[in-house]
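Me: Could you pick one buried spot in this model and take a close look at the contacts around it? After that, walk me through the rest of the fold in plain bench language.

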Amino acid sequence: SFSPTFTLKVPPPPIRPYPEYAHVRFEVKDGNVNYLGNKPDAESFATDETYRALNISDSTADGWVKAAITGLDELTKIPAYSLVACPDFFPGVDQREVYEWWEQTQAPANRASLPDWLKELIEAGFFDFWRREPIPLSDISFAPNVKLADSGFGDKDITVAAVVSPLQQIATTGALPKTPRSLRHSGLPDSAAGAFAPGWDVSADLVDGSSSDTHFASYGLGSPFPEDAKLCAALSTFWPAAAPDTARTYFEVDFARGTVCPLTDEENGAASGSVSWDGLRGPRVISEDGTSTTVRYPNYPLADYTLNALEGRLSISETRKIGFDEYIHRILSTLRMYRILSSIGDKNTLHILSFGEVESSDSTLLEAQAETGRTLSGPILRYDVFDESDSAAISAPPGQTEDFTVSRLFTLLIGKNDFSLAVVRIGDGSVSRGPWQKVPA
């Protein structure tokens, strides 16, 4: 018999015998459905023993598939595990690609070949920004959902076989060609995220009667899935799924701070007329005067991703354009930004107010290059950042937003062709900003 031994690269994921949290903002009472999303005392309603919440189904599920081949019925057929998972907001980024990049960059043997600025980031500890390694689902070996009736899955299964087809005709001998990158979506397990807490594509549960044997299951995800997306995205790819990072969308989330892979102003809805992935409008400047800038943020507790999904406001129109290279460039440039401003604050206190790519003809870029005598090699990324100590909460209009005044702003321009070159301008919170400065390479 074939009994391979597997060593888990990550500890088993948290066990979820049922959804850890569920959407309960719709109350069913006297035959009517009442929305409680904007009620300040919604929590007291939802915890009342007589409260009945509307169950909203998202159609995520797991199951099994077994092939039937005419004329070969006598062959043993092995069932395959099938997941109807959440929408993939980054169809152009595969989890396997992210993991291989992470492994190669982290490896001490490859350190010598890295540019000095990246080696410095790693040695200074700035590369340690994920709770776990970004393991793809294909590298986590658990049994499929053994509770699926008639599946044939057993509690002694330690892995699931996958059939993977190449993207092109390849020779069976000689060196393997480099696989072309494509922005098309893949539903294979090497493109999916591993089970984290509770997970993005799948969660996990214990085999009945066992204290340690784990199996995959989708029923441990948040219910419906937009609730899970809200938590995991706000965790700033803290659980390292290739998923939207909304940490900069909110001013404050108690359980997670800092940004890993920021969304642009177009992708989070901050830019006028843009379509955000989650139906919200991201942070933006609403006024400036001689002493401060007023900024407006969505209020995290009142942000309702499930309602946005029901109203058809979730979208991949912008995030689908992000490929692997762009995804990695954003991570690296953001690490560089945090390192540049480390004397001001860290990722727990620095807020990215605005982020995006600027054109070579952008007046701010031309001004910065003229003042510093430094030419940045493009494309160029711009960050507008402030530290929490330079801000103060003010009264906001009623609704799902909160306003803050900012007394000091930092603007950074970083060229993606050479992350070691950057320029920074320190503003005093007024319309008039300070001079541009070179950042040492």
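Reply: A polar contact here is a pair of N or O atoms within 3.5 Å, where, within protein, one atom must be able to donate a hydrogen and the other to accept it; residues adjacent in sequence count only if both atoms are side-chain atoms. Keep in mind that this is a predicted model.

The spot I'd pick is aspartate 265. Its side chain makes a polar contact with the side chain of serine 354, at 2.5 Å. Aspartate 265 sits in the loop between H4 and strand E7 (284-288). It has 15% relative accessibility, and because the cut-off for buried is under 20%, aspartate 265 counts as buried. As for company, leaving out residues up to four places away in sequence, aspartate 265 touches Arg248, Ala270, Ala271, Ser274, Leu353, Ser354 and Phe355. Serine 354, the polar partner, is one of the residues on that list.

Now to H4, the helix on one side of that loop. How many of the residues of H4 are buried? The count is 10 of the 10, so H4 is largely enclosed by the rest of the structure. Among the buried ones are Phe225, Glu227, Asp228, Lys230 and Cys232. The buried residues of H4 pack against helix H5 (305-310). Lysine 230, buried in H4, lies over the face of tyrosine 300, at 4.4 Å from the ring centre.

There is something to look at on either side of this helix. Most residues other than glycine have a negative phi, and most peptide bonds are trans. The peptide bond from serine 223 to proline 224, however, is cis, with omega near -10°. Proline 224 belongs to the loop between E6 and helix H4 (225-234). Past the helix, H4 is followed by serine 236, which has a positive phi, near 65°.

Two more positive phi values turn up in loops. Aspartate 30 has a phi near 55°, positive although the residue is not glycine. You'll find aspartate 30 in the loop between strand E1 (26-29) and strand E2 (32-35), and its 71% relative accessibility makes it exposed. Serine 59, not a glycine either, has a positive phi of about 70°. Serine 59 lies in the loop between helix H1 (42-46) and strand E3 (61-65), and at 55% relative accessibility it counts as exposed.

Helix H1 also carries phenylalanine 45, which is partly exposed at 32% relative accessibility. Not counting neighbours within four places in sequence, phenylalanine 45 is in contact with Leu36, Lys39 and Tyr51. The C-alpha atoms of phenylalanine 45 and arginine 25 are 9.4 Å apart, with the two positions 20 residues apart along the chain.

On to the aromatics. A pair of aromatic rings is described by the distance of the centres and the angle of the planes. With centres within 6.5 Å as the pairing cut-off, there are 22 aromatic pairs. In one of them, tyrosine 81 and phenylalanine 216 have ring centres 6.4 Å apart and planes at 15°, so that pair is stacked. It links distant parts of the chain: tyrosine 81 is in strand E4 (residues 80-84) and phenylalanine 216 in strand E6 (residues 214-217), 135 residues apart. Both tyrosine 81 and phenylalanine 216 are buried.

Another pair, tryptophan 102 with phenylalanine 129, is edge-to-face, at 5.6 Å centre to centre and 75° between the planes. Tryptophan 102 is in helix H2 (residues 95-106) and phenylalanine 129 in the loop between helix H3 (116-123) and strand E5 (203-206), so this pair ties together parts that are 27 residues apart in sequence. Tryptophan 102 and phenylalanine 129 are both buried. They also belong to one aromatic cluster, made up of Trp101, Trp102, Phe127, Phe129 and Trp130.

What about the cysteines? A disulfide is a covalent bond between the sulfur atoms of two cysteines, and the structure holds zero of them. For cysteine 86, the nearest cysteine sulfur belongs to cysteine 232 and is 8.9 Å away. Cysteine 232 is one of the buried residues of H4. Cysteine 86 counts as buried at 11% relative accessibility, and cysteine 261 counts as buried at 4%.

Note on methods:
Residues are numbered from 1 along each chain as its sequence is written. This is a predicted model: local features need pLDDT of at least 70, side-chain atom pairs count only at pLDDT 80 or more; totals for chains, interfaces and linings use all residues. Side-chain values use heavy atoms; hydrogens and water are left out. Rings of Phe, Tyr and Trp (its six-membered ring) pair if their centres lie within 6.5 Å; planes under 30 degrees apart count as stacked, over 60 as edge-to-face and the rest as tilted. Helices (H or I, at least four residues) and strands (E, at least two) are DSSP runs, numbered from the N terminus. Buried means under 20% relative accessible area, exposed over 50%, partly exposed in between (1.4 Å probe, protein chains only). A charge sits over a ring if NZ of Lys or CZ of Arg is within 6 Å of the ring centre and within 35 degrees of the ring normal. Contact means heavy atoms within 4.5 Å. A disulfide is a pair of cysteine sulfur atoms within 2.5 Å.
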